[in-house]
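This report describes a single protein chain, from its overall make-up to selected residues. Please consult the sequence and the structure shown here alongside the text.

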Amino acid sequence: MHKYNEPLEAKLGFTVTATGAVTDMHVLKSSGNATFDEQVARCVSGYTYKPASHDGVPVAAPDTFNFHQAEVRDLEGDSKAFSDLERDADKRCHKLYPPDRKFMGPQTISIVVVSRKNGGEVETKVMQSAGEKADRNAEICLKKLVADHEELPTTFSRGIAVDWSHRR
């Protein structure tokens with residue numbers, strides 16, 4: 001039984017098709033809160049992902065997603081830190097890695113989930129692709145930003161959008 005104001009964590013398994021769609025969604029580890037599990041599954045299913053490739057050809061592949069929801073009071077207290085991180089993402093990513101349209105796909109926004117785990121390790125996962133080079137640059141940039149934003153919680157997971165369509 002989940003208690004109010006405690007962290008929630010769920011792990012989902014699914015397949016990303018060659019077109020980036022999600023199929024075969026299933027809960028690998030429940031948070032203990034069915035509503036939360038359903039909302040996470042709906043969220044993960046709503047994105048188009050960057051598919052795996054074999055010899056340069058997109059292919060279907062299994063994937064997993066760990067979602068950690070911090071305590072409610074932590075989210076409220078850290079909202080300014082996350083707002084600052086999101087604001088800086090476009091500014092600094094554009095400055096460090098100027099956008100180049102020839103390396104972008106049809107989408108111009110990279111959506112990356114950036115997570116800091118216990119021990120400080122930072123992980124990234126592209127949820128919406130703007131092209132391989134743009135996505136790689138977004139992941140590198142966001143890892144640098146997390147290291148620079150000391151006011152962020154010690155552990156978190158947050159989706160960040162980097163809009164490559166224009167300079168800021």
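Helices (H or I, at least four residues) and strands (E, at least two) are DSSP runs, numbered from the N terminus. The model is a predicted one, in which local features need pLDDT of at least 70 and side-chain atom pairs count only at pLDDT 80 or more, while totals for chains, interfaces and linings use all residues. Residues are numbered from 1 along each chain as its sequence is written, and side-chain values use heavy atoms, with hydrogens and water left out.

**Overall make-up**

The chain contains four helices and eight strands. Read from the N terminus, the order of these elements is β-β-α-β-β-β-α-α-β-β-α-β. Of the 168 residues in the chain, 38% are buried, where buried means under 20% relative accessible area, exposed over 50%, and partly exposed in between (1.4 Å probe, protein chains only). About 9,700 Å² of the chain is exposed, and carbon and sulfur atoms supply 50% of that area; accessible areas come from the Shrake-Rupley method with a 1.4 Å probe, and for residues only the protein chains shown count as cover. A contact requires heavy atoms within 4.5 Å. Among contacts with a separation of 6 or more, 69% involve residues 24 or more positions apart.

**Helix α4**

Helix α4 comprises 17 residues, 132-148, and should span 24 Å at 1.5 Å a residue; its end C-alpha atoms lie 25 Å apart, in agreement with that figure. The expected span is 1.5 Å times one less than the number of residues in the helix. Ala134, Asp135, Asn137, Ala138, Cys141, Leu142, Leu145 and Val146 are the buried residues of α4. Because they cover an arc of only 165° around the axis, these residues are on the same side of α4; the arc is that of the directions from the helix axis to the C-beta atoms. Glu132 and Ala147 are exposed on the other side of α4. The cover over the buried residues of α4 includes α3 (79-96), β6 (109-116), β7 (122-128) and β8 (156-163).

**Thr124 and His94**

Thr124 belongs to strand β7. Its side chain makes a polar contact of 2.8 Å with the side chain of Glu139. A polar contact is a pair of N or O atoms within 3.5 Å; within protein, one must be able to donate a hydrogen and the other to accept it, and residues adjacent in sequence count only if both atoms are side-chain atoms. Apart from neighbours within four places in sequence, Thr124 is in contact with Val112, Val113, Val114, Glu139 and Lys143.

His94 is part of helix α3 and is buried, with a relative accessible area of 1%. A polar atom of the His94 side chain lies 2.5 Å from the backbone oxygen of Asp163. His94 and Cys141 are 47 residues apart along the chain, with their C-alpha atoms separated by 9.3 Å.

**Positive phi values**

Two residues other than glycine with positive phi are listed below.

| Residue | Phi | Place | Relative accessible area |
|---|---|---|---|
| Asp24 | near 55° | strand β2 (residues 22-29) | 54%, exposed |
| Asp55 | near 55° | loop between β3 (52-54) and β4 (57-59) | 72%, exposed |
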